[in-house]
Amino acid sequence: MGEVQLKDAPQRGSEWRKWDLHVHVPNTQLNNQYTKIDGSVDLDRFCRTIHESDVSAVGLTDYFSFDGFFDVRERYDQLLRDGTLTGPRTLLIPNLELRLNDSVNKGGELIDYHLIFPPKLERAEAQEFLRNLKSSITDARSKPVNCGDLEGGQFLQATVTRQAIESAITETYGSKADRRDHLLLVAPVNGNGIRADGGNHRKRVIADEVDKLTDGFFGNKNCVAHFLETDRYDDAEQPSVPKPVFAGSDSHSFEDLENWLGKEVSGSTNDKNVTWIKADLTFDGLQQAFIEPAERVRMQASQPDFKEPYMHISSVRFQGTDDFPQEIFLNPNLNAIIGSRSSGKSALLAHIAHAVDPSYTETQQLAAGVEKDNLGPAAGHLWSGPGDLRCTVQWSDGVATSGKLIYIPQNSLFSISSRPDEITARIKPAVFGRDSAIQASYQSTTTKIDELNETIRDAIDDWFKSFSTHTDLGKQLREKGDKQAVQSGIDDLNREIENLQREANLTEDDAAAYKALSEQLNALERTLHDSSRAHTQLGQYVDATGEEVSAIDTIRVTVTTTPSSDGFPAEKLGELQSLVGEIEQDAQTRLRQFVLESWQALDRSIEATRQEIQKLKGENSELISRHEKAEGMAVPLKRLDTQKAVLADIQRLEDKLAAALAAQSESADKILSAVNDRRRLLKELCEDFNAENVGFDGIQFELESGLLEETRTLVSRDFNKKTSTPYVDRGQQEVRLDVIRGNPAAFLESIATGTQKLNQSTTPDKVAHIVLEATEDLRFVAIMDEDRIGGFSRSSMTPGKQALFSLRLILGESEDPWPLLLDQPEDDLDSRSIYETIVEELKSRKRERQIIMVTHDANLVIGADAEAVVVANRHGADRPNSDERTFDYLTGSLENTHRTDDATHTLGRAGIREHACDILDGGEAAFQKRKQKYNI
């Protein structure tokens, strides 16, 4: 930031500038060390030195006299007028240094005392004040000599009383005048100051009385904290008022001036500190330092509240329109945009946001409830509207062409804090951005939970497939008949055949050989039957119509990865897709080859089995023929073959039924294991997160898991709840989810068989999916000053604290201090919440980032000590704008005050303070309260 901007930045409100209120003028009445030229005071060198320094305001000091001040001011103005000095002027402030007749330090030195007058002070007023100020020196008639008549050695001898100072003020300005509108009283702390001898009670009392009279102090940075205390008096029952401390160079020579003015000097016997004051370069601006000493005064080498120039906006520019001014200037700290209804406040804020990031701005407006078709800077005005209007922002570094910001449209703060899902959505990026390990753990757990739910989903499908299979097999078994009865019939047939064999003179060897042959043929026939069926099923994936047999292209392999693609960074997704594609292609090739080879093997097996059957029948044709020719043998043999086939079918069905039941049990076990693992993962994630004590900015975070109300409703929806069952609580009209999760197998059996009644509009498998896949949600809880919000419980925060929480949460999403744009954060909040929460938050936040805020509440503007107030006005017959512009804006500081009745346009008729009192709710009362805060 250049020197010119330090001294003069019009239309930007209160800015940090260097002030030195204690610089002695050439020819100062005491201890004058300024060199002269040909015996004359070198005023030109003095004026040039202060003008070329980076100090914006200088207190021109002399003992019991204003002469040096007027001499310097007149010469300085002449040098500016004739062009000898160029650039912004330095503010010159008269500082009348006196000596009280009080002494409080160990050395017995009298207290120096300073009276700071407005820069516009004229000689007549100064002379009148000095005539009214009586010194301790008396004339020949024993009457006090007034300070205006002091001469020669009297300047060294003169003292005044505190009462004499107060009397002079009353006589000069009247008993009803507000003294601080005419002069400010400043006492030094060290040296000839009010730092009392610690062991002397009387001196401590005197020091406290001087303190009570005084508005501020000259001292160093070690004194600041003491004079901001409210209990610094010797009498503990008397509260003290916080007051500012200024460091003055106390220069008495050109060497002092050049070495000390605006410079930090340490390591010497005469250390110097730099004083920064955040104010307009006016006496009104200086007064603000006494109203807000902790906020407006700093002692440090570098500029306070420094923000990277590329991260705050210096101005907003409009082109292609007559509705807005060409440029509106902004302050690096807190900018409050005020105005009556429809005066263009929110429109200006929205234009700034949209100029920086159009997409983000529109997203924020949508989230705040603006309909998609109505997105724009104001009601009835769309971003895509006609015209050539173009709004751009100028970043303070003058180089940056892009940046970021945080835009919070009207009603957004309360809206965010009233929706638990939105709270979690906001907390996640804020927490994850600060700790990637937490983010990785969270994402890993949720990915595993998704995989477990997929396992549950597949296992439910498998269970119902197995259930359907075993139900169908049971029906088939019942149709085949009783296995024991079939076996009994076979035994009877075997005995009948044995009898017939004996009657036909068939030997026992023949009978045994035929029985063995029959069993072998039956086994081959079963093999042929099973192979033929498998051959047919695989045949739909084989093309055997051409000269060359091949597997068809419908055979597919799909690969699911763990971790899923969500777990990989964006730059790795292409590589992952390529890898998965290669795996799928290789697997498909191998699977097609396997299908083809399996079909061909079955084809060969079928042919071999047929040949084996034919071979056995050919080799044993005589034995078969003799058995078939035996009288009465044909029928029982045929029946025996039939019943053996039935028994074989029964055994085959029983085997399949056992496999189906085993598959059901395995699926149920998978579901139970996955449900338990899911519960364990959720519990461990919450416990691990909560053990980390994660938090920032006065907010502590916890993680909870729980079922959403809509999930509970969905789980219970399809159950018949007319009677209580192991799975339904009729009284609560709820499903006993814990019981179901504890034994999924029994639950699935009950809904599949109809034991647990369901509504007619659903099916058991749909219900099973809904109930067993129902998963607890993860929600973050925020704890601020022992109040909680978020999670699955009602918030214990007041509306004001909820808004403050939302603001901190939004700011916490990014650690980079980009500008914050707030549109009427006071909406739906009571004034106490605003004053106790939002005001303090704004005062804290504006030190780290630029804030641009639309508001109609005086507490947020005056209570938060806005550095710049932007007054908005819409043109009308009763409130005209310059050039009849639709919207016009006036930027200035709270200390900017005046009334001009003959101005042609509304914004020029008054200062910022007057506009604030006229526009803001409780504006005048807020200004008065602000002054009374420190009894000013």
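How many helices and strands does the secondary structure of the chain come to? The count is 30 helices and 30 strands. Helices (H or I, at least four residues) and strands (E, at least two) are DSSP runs, numbered from the N terminus. The model is predicted: local features need pLDDT of at least 70, side-chain atom pairs count only at pLDDT 80 or more, and totals for chains, interfaces and linings use all residues. Residues are numbered from 1 along each chain as its sequence is written, and side-chain values use heavy atoms, without hydrogens and water.

The radius of gyration, taken over C-alpha atoms, is 47 Å. The globule rule (2.2 Å times the number of residues to the power 0.38) gives 30 Å for 936 residues, so the chain is more spread out than a compact globule. Along the principal axes, the C-alpha atoms fill a box of roughly 175 × 65 × 60 Å. Buried residues (under 20% relative accessible area, 1.4 Å probe, protein chains only) make up 48% of the 936 residues.

One open sheet holds six strands, in the order S18-S27-S28-S16-S29-S30. Its pairing is mixed. Two strands pair if DSSP finds at least two bridges between them. Strands S18 (406–408) and S30 (887–892) stand at the edges. Each has a single partner strand, so one side of each is left without a neighbour in the sheet. Neighbouring strands are turned by 15° against each other on average, direction ignored. Strand S16 (residues 334–339) pairs with strand S28 (residues 851–854) in the parallel sense, over four bridges. Ala-336 has Met-853 in S28 as its bridge partner.

Helix H12 (residues 345–356) lies across S16, S18, S27, S28, S29 and S30. Contact here means heavy atoms within 4.5 Å. The helix runs at about 150° to S27 (820–823). Axes are lines fitted to C-alpha atoms, for helices over the stretch in contact, and angles run from 0 to 180 degrees between N-to-C directions.

A nonpolar core is a set of buried Ala, Val, Leu, Ile, Met, Phe, Trp, Tyr and Cys residues joined through side-chain atoms within 4.5 Å. The largest core has 88 residues. Ile-427, Phe-701, Phe-719, Phe-747, Leu-748, Phe-805 and Val-861 touch the most other members. Helix H16 (residues 436–480) supplies the largest share of this core, ten residues. Apart from this core lies another, of 65 residues, including Val-72 and Leu-98.

Conventions: Buried means under 20% relative accessible area, exposed over 50%, partly exposed in between (1.4 Å probe, protein chains only).
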